[in-house]
Amino acid sequence: MNDAMFWVYACTTDELAEGRGLGLMLADARGVTNAVALFRSEGVVYAIEDRCPHRGARLSTGPVYEPCKIACLDHGWSIDLRSGRVDPPESARVRTYPVRSDGGALFVGFGERS
Ligand code: FES
C-alpha cells in the first residue's frame, strides 16, 4: 500500500452484499467529492468510479453478472472491476480505487494511484 494514500470511511462490511453495488459520494484529501461505486464479487470488495464512460450512467446500480464483471444498466457496457477496463468491442476505462477492510469497516483510498 502507498503510505501517501488518504483513506476515507465508506461503509461497514455488512452494508455491501455479494453481487450488489453501493454508490457513495466520498471526499478526498483536497475536499473534492468523488462518486464511487463499491461492489463485492466472490468475497472481494472493489471500488470504481460511479460513472459509465459511455454516457455517464451510475454504475453502482448495475449487477455483478459474472466474477469481477459488472454491466451498466443503460446500454449494457461490461466493465472489469479489477482493472476498470470496458470489455471489447468497446474501449474505455473507469477509475479504480484501492479498498481496505479494518474492524468491520471498509475504506477507500485516494492518492497517486487513484
Ligand atoms: S451509459 Fe453505460 S453503457 Fe451507456
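This report describes the fold, the sheet, the nonpolar core and some single residues of one protein chain.

The structure is a predicted model, in which local features need pLDDT of at least 70 and side-chain atom pairs count only at pLDDT 80 or more, while totals for chains, interfaces and linings use all residues. Residues are numbered from 1 along each chain as its sequence is written.

**Overall form**

The protein chain has zero helices and ten strands. Here helices (H or I, at least four residues) and strands (E, at least two) are DSSP runs, numbered from the N terminus. Along the sequence the pattern reads β-β-β-β-β-β-β-β-β-β.

The C-alpha atoms of the protein chain occupy a box of roughly 35 × 30 × 20 Å along the principal axes. A compact globule with 114 residues would have a radius of gyration near 13 Å, and the 13 Å of the protein chain agrees with that. This radius is taken over C-alpha atoms, and the globule rule is 2.2 Å times the number of residues to the power 0.38.

Of the 114 residues in the protein chain, 24% are buried. A residue is buried if 20 or more other C-beta atoms lie within 10 Å of its own, exposed if 12 or fewer, and partly exposed in between, with C-beta atoms placed from the backbone. Among the contacts in the protein chain with a separation of 6 or more, 44% are between residues 24 or more positions apart. Two residues are in contact if their C-beta atoms, placed from the backbone, lie within 7 Å.

**The sheet**

An open sheet is formed by four strands in the order β2-β3-β4-β8, with antiparallel pairing. Its edge strands are β2 and β8 (96-97), each of which pairs on one side only. Two strands count as paired if DSSP finds at least two bridges between them. In general, strands of a sheet pair through backbone hydrogen bonds, either parallel or antiparallel.

The table lists the three pairings with one pair of opposite residues for each.

| Strands | Direction | Bridges | One residue pair |
|---|---|---|---|
| β2 and β3 | antiparallel | seven | L22 and L38 |
| β3 and β4 | antiparallel | six | S41 and V44 |
| β4 and β8 | antiparallel | two | I48 and T96 |

Strand β2 covers residues 21-27 and strand β3 covers residues 33-41. At the start of β2, G21 stands opposite F39 in β3. The strands β2 and β3 form a hairpin with five residues between them, and G31 in the turn has a positive phi of about 85 degrees.

The hairpin of β3 and β4 has two residues between the strands. E42 lies in the loop between these two strands and has a positive phi of about 50 degrees although it is not a glycine. E42 counts as exposed because it has 9 C-beta neighbours inside 10 Å.

**The nonpolar core**

A nonpolar core is a set of buried Ala, Val, Leu, Ile, Met, Phe, Trp, Tyr and Cys residues joined through C-beta atoms within 7 Å. The largest one holds 21 residues, of which L38, A47, I48, L59, I79 and V108 touch the most other members. Two or more residues each come from β3, β4 (44-49) and β10 (105-110). The largest share, four residues, is from β3. In soluble globular proteins, nonpolar side chains tend to be buried together.

V108 is in contact with V8, A10, L26, V36, A47, Y97 and V99, leaving aside its neighbours within four places in sequence.

**Other residues**

F6 is found in strand β1 (residues 6-12). F6 counts as partly exposed because it has 15 C-beta neighbours inside 10 Å. Not counting residues up to four places away in sequence, F6 touches D28, A29, G109, F110 and G111. F6 and G84 are 78 residues apart in sequence and 20 Å apart in space, C-alpha to C-alpha.

C68 is placed in the loop between β5 (64-66) and β6 (69-71). C68 is not a glycine, but its phi is positive, at about 65 degrees. With 15 C-beta neighbours inside 10 Å, C68 counts as partly exposed.

P88 and P89 are joined by a cis peptide bond with an omega of about 15 degrees. P89 is found in the loop between β7 (78-80) and β8.
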